[in-house]
Amino acid sequence: MNHNQLRQKVILEIKKINWIPYHGMNQIHTLVLNRPDWCISRQRIWGVPMPIFINKDTENIHPKNFQFIESIAKKIEIYGIQTWWDLNKKELLGSEKNDYKKIPDTLDVWFDSGATYDAILRKKWLILKKNPVDMYLEGFDQYRGWFMSSIVLSTAITGHRP
């Protein structure tokens, strides 16, 4: 589904929600309609870094990248998130260090929060065979954040609102 189809589908799903207060629907509708960024990553200093090494010539992800992620995660547990930004490529890539680049992308800070519908709630629904969510509760100042991420991800993955 391209981003224009996704945008229109999200708008249709927004209209199916019982909004309290009702004007919340107009606010998120406007945000989705005018949303300039239709990606899960951004080049920002805040957010969760995506520890990925890309081949400079082929643009393929390094074949051992999943192993690298595990190693990087262990370092982050000890030294904090800055570990990724300070990491010397040679430490993981050895002689391949000049063949690969670290991508600067980060996951939007709301991505992980917005993905909870899938990681927790939709999985629970599959087990229980019933809808696990009767209500989402979010402050009106957060439509751009958590719920926006939830409805976009849910619609992209399942075709429906979370």
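Helices here are DSSP runs of H or I with at least four residues, numbered from the N terminus. With that in hand, Gly80 is easy to place: this glycine sits just after helix 3 and takes a positive phi of about 95°. Keep in mind throughout that this is a predicted model.

**The chain as a whole**

Let's start wide. The protein chain has eight helices and five strands, and along the sequence they come in the order α-α-β-β-β-α-α-α-β-β-α-α-α. Of the 162 residues in the chain, 34% are buried. If you look at contacts with a separation of 6 or more, 65% of them are between residues 24 or more positions apart. As for the surface, the chain exposes about 10,600 Å², and carbon and sulfur atoms supply 57% of that area.

**Helix 3, side by side**

Back to the helix that Gly80 follows. Helix 3 covers residues 65-79, which makes 15 residues; at 1.5 Å a residue they should span 21 Å, and the end C-alpha atoms are 20 Å apart, so expectation and model agree. Which residues of helix 3 are buried? They are Asn65, Phe68 and Ile72. Those buried residues cover an arc of only 50° around the axis, so they lie on the same side of helix 3. What do they pack against? Their partners are strand 3 (53-55), helix 4 (82-86) and helix 5 (89-93). Flip to the face turned away from the buried side and you find the exposed residues Phe66, Gln67, Glu77 and Ile78.

**A salt-bridge network around Glu13**

Now for the charges. Side chains of opposite charge can pair when their charged atoms come close. A search of the whole structure turns up four salt bridges. Glu13 takes part in the ones tabulated here, each with its N to O distance.

| Salt bridge | N to O distance |
|---|---|
| Glu13 and Lys9 | 3.3 Å |
| Glu13 and Lys16 | 2.9 Å |
| Glu13 and Arg161 | 3.1 Å |

How far apart in sequence are Glu13 and Arg161? Glu13 belongs to helix 1 while Arg161 is in the segment after helix 8 (143-158), so their salt bridge ties together parts that are 148 residues apart in sequence. Through shared partners, the salt bridges join Lys9, Glu13, Lys16 and Arg161 into one network.

The Lys9 link is a local one by sequence: Glu13 and Lys9 are four residues apart in helix 1 (residues 3-15), which means about one helical turn separates them.

Is Glu13 buried or exposed? Its relative accessible area is 0%, and since buried means under 20%, Glu13 counts as buried. Its partners read otherwise on that scale, where partly exposed runs between 20% and 50%. Lys9 is partly exposed at 23% relative accessibility, Arg161 is partly exposed at 33%, and Lys16 is partly exposed at 47%. So the picture around this network is a buried Glu13 joined by salt bridges to the partly exposed Lys9, Lys16 and Arg161.

How values were computed: Residues are numbered from 1 along each chain as its sequence is written. This is a predicted model: local features need pLDDT of at least 70, side-chain atom pairs count only at pLDDT 80 or more; totals for chains, interfaces and linings use all residues. Side-chain values use heavy atoms; hydrogens and water are left out. Helices (H or I, at least four residues) and strands (E, at least two) are DSSP runs, numbered from the N terminus. The expected span of a helix is 1.5 Å times one less than its number of residues. Buried means under 20% relative accessible area, exposed over 50%, partly exposed in between (1.4 Å probe, protein chains only). The arc is that of the directions from the helix axis to the C-beta atoms. Contact means heavy atoms within 4.5 Å. Accessible areas come from the Shrake-Rupley method with a 1.4 Å probe; for residues, only the protein chains shown count as cover. A salt bridge is a side-chain nitrogen of Lys or Arg within 4 Å of a carboxyl oxygen of Asp or Glu.
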